[in-house]
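Please look over the sequence and the model that follow, and keep both in view as you read. The paragraphs after them move from paired strands to charged side chains, and then to the buried interior.

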Amino acid sequence: MRKFLLLSAAALAASAGSAFAQDHTGISVAIGATQFDGDFEFTGGKPTQELSGTLPTLRLGADYQFGGDEGGPVLGASYFTTFGDGIQSPPNRDGNYLVQDGRIDGLSGWEVRAGWAFGDWLPYVAYGQTERDGVTRQSCPNDPASVVAGFCAGGFVPATATARAGQREGSVDGSGETISLGLEWNLSEHVFFDARASQTDFGEQIVSLDPTGNTPGQLAHPLTNPSQDSQAFSFAIGWRF
């Protein structure tokens, strides 16, 4: 993150005082970071899986500005993807002494946008779809917190306890509608800075929690229902060809 901020500052310094065409037309590539906040929430008293973190982000776009360099409407489209280690929620115990946690491995998506250029400034609104790749998990860790009366202990029946042991997980995927408000600033003829705030509602998904690894036994695979309404703030430095 520090390196990215230093590069941004260098681009600002290099562009200071220079004269350049202010047109926002062209094909572009931008790299930056997305601060993502979007917990997995459940019905039935299951604890929330808190998902908040920063994801490195790559965006490819194409825009066309109508009118001259001084201003006019701009239409464009872009595709983005995140990379890196993803976002992991801290583990929680529910009332049955199960350990619950979740993870977002990455996001990707597309958008179309419309804005109005004021010289080198371009405020815009965008609409698109964001896809997620993640999991939600629960496990019986067989530790002292799993008391005899708890779910993991199997109600004093060893075979049931064995069937409930280990970890289960289910994929949390799908897509949601994304609405964004953003501001782009031309720093030079080719270099620009972009900042945006986005809202995505992924809705509720029914997920089957399936055994992982060498989990023994296992009873019927339980279902769970994570819902996710996320907010994101992104900024990037880009090059327009």
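In this predicted model, strand 7, which covers residues 121-140, runs alongside strand 8, residues 166-172, and the two pair in the antiparallel sense over seven bridges. One place to find this pairing is at Arg 137, which stands opposite Glu 169 in strand 8. Strand 8 also pairs with strand 12, residues 210-211, again in the antiparallel sense, here over two bridges. Within that second pairing, Arg 168 has Pro 211 of strand 12 as its bridge partner.

From the strands we can turn to the charges that they carry. Side chains of opposite charge can pair when their charged atoms come close. With a salt bridge taken as a side-chain nitrogen of Lys or Arg within 4 Å of a carboxyl oxygen of Asp or Glu, the count for this model comes to eight salt bridges. One of them joins Arg 59 to Glu 111, with the closest N and O atoms 3.8 Å apart. This pair links distant parts of the chain, since Arg 59 belongs to strand 2 (residues 52-65) and Glu 111 to strand 6 (residues 99-118), 52 residues apart.

Are these two charged residues buried or exposed? Arg 59 has a relative accessible area of 17% and is buried, because buried means under 20% relative accessible area. Glu 111, at 8% relative accessibility, counts as buried too.

Glu 111 also forms a salt bridge with Arg 196, where the closest N and O atoms are 2.7 Å apart. Here again distant parts of the chain are linked, with Glu 111 in strand 6 and Arg 196 in strand 10 (residues 191-204), 85 residues apart. Arg 196 is buried, as is Glu 111. If Asp 194 is added to the residues already named, a wider picture appears: Arg 59, Glu 111, Asp 194 and Arg 196 are linked in a network of salt bridges.

Another salt bridge is found between Asp 63 and Arg 113, whose closest N and O atoms are 2.9 Å apart. Because Asp 63 lies in strand 2 and Arg 113 in strand 6, this pair ties together parts that are 50 residues apart in sequence. Asp 63 counts as buried at 10% relative accessibility, and Arg 113 is buried with a relative accessible area of 9%.

A loop offers a further buried residue to examine. Ser 89 lies between strand 4 (87-88) and strand 5 (92-93), and its relative accessible area is 2%, so Ser 89 is buried. What lies 2.8 Å from a polar atom of the Ser 89 side chain? It is the backbone nitrogen of Gly 102. Leaving aside neighbours within four places in sequence, Ser 89 is in contact with Gln 49, Glu 50, Leu 51, Asp 101 and Gly 102.

The last step leads to the nonpolar side chains. In soluble globular proteins, such side chains tend to be buried together. The largest nonpolar core of this model has 12 residues, among them Leu 51, Phe 80, Ile 87, Leu 107 and Phe 202. Phe 80, again without its neighbours within four places in sequence, is in contact with Thr 57, Leu 58, Arg 59, Leu 107, Ser 108, Gly 109, Trp 110 and Thr 130. A second, separate core has five residues, including Val 74, Leu 122, Tyr 124 and Ala 126.

Notes:
Residues numbered from 1 in each chain as written. Predicted model: local features only at pLDDT ≥ 70, side-chain atom pairs only at ≥ 80, totals over all residues. Heavy atoms only, no water. Helix = DSSP H or I, 4+ residues; strand = E, 2+ residues; numbered from the N terminus. Buried < 20%, exposed > 50% of the residue type's maximum accessible area, 1.4 Å probe, protein only. Polar contact = N/O pair within 3.5 Å; in protein donor to acceptor, adjacent residues only side chain to side chain. Contact = heavy atoms within 4.5 Å. Pairing = 2+ DSSP bridges. Core = buried A, V, L, I, M, F, W, Y, C linked by side-chain atoms within 4.5 Å.
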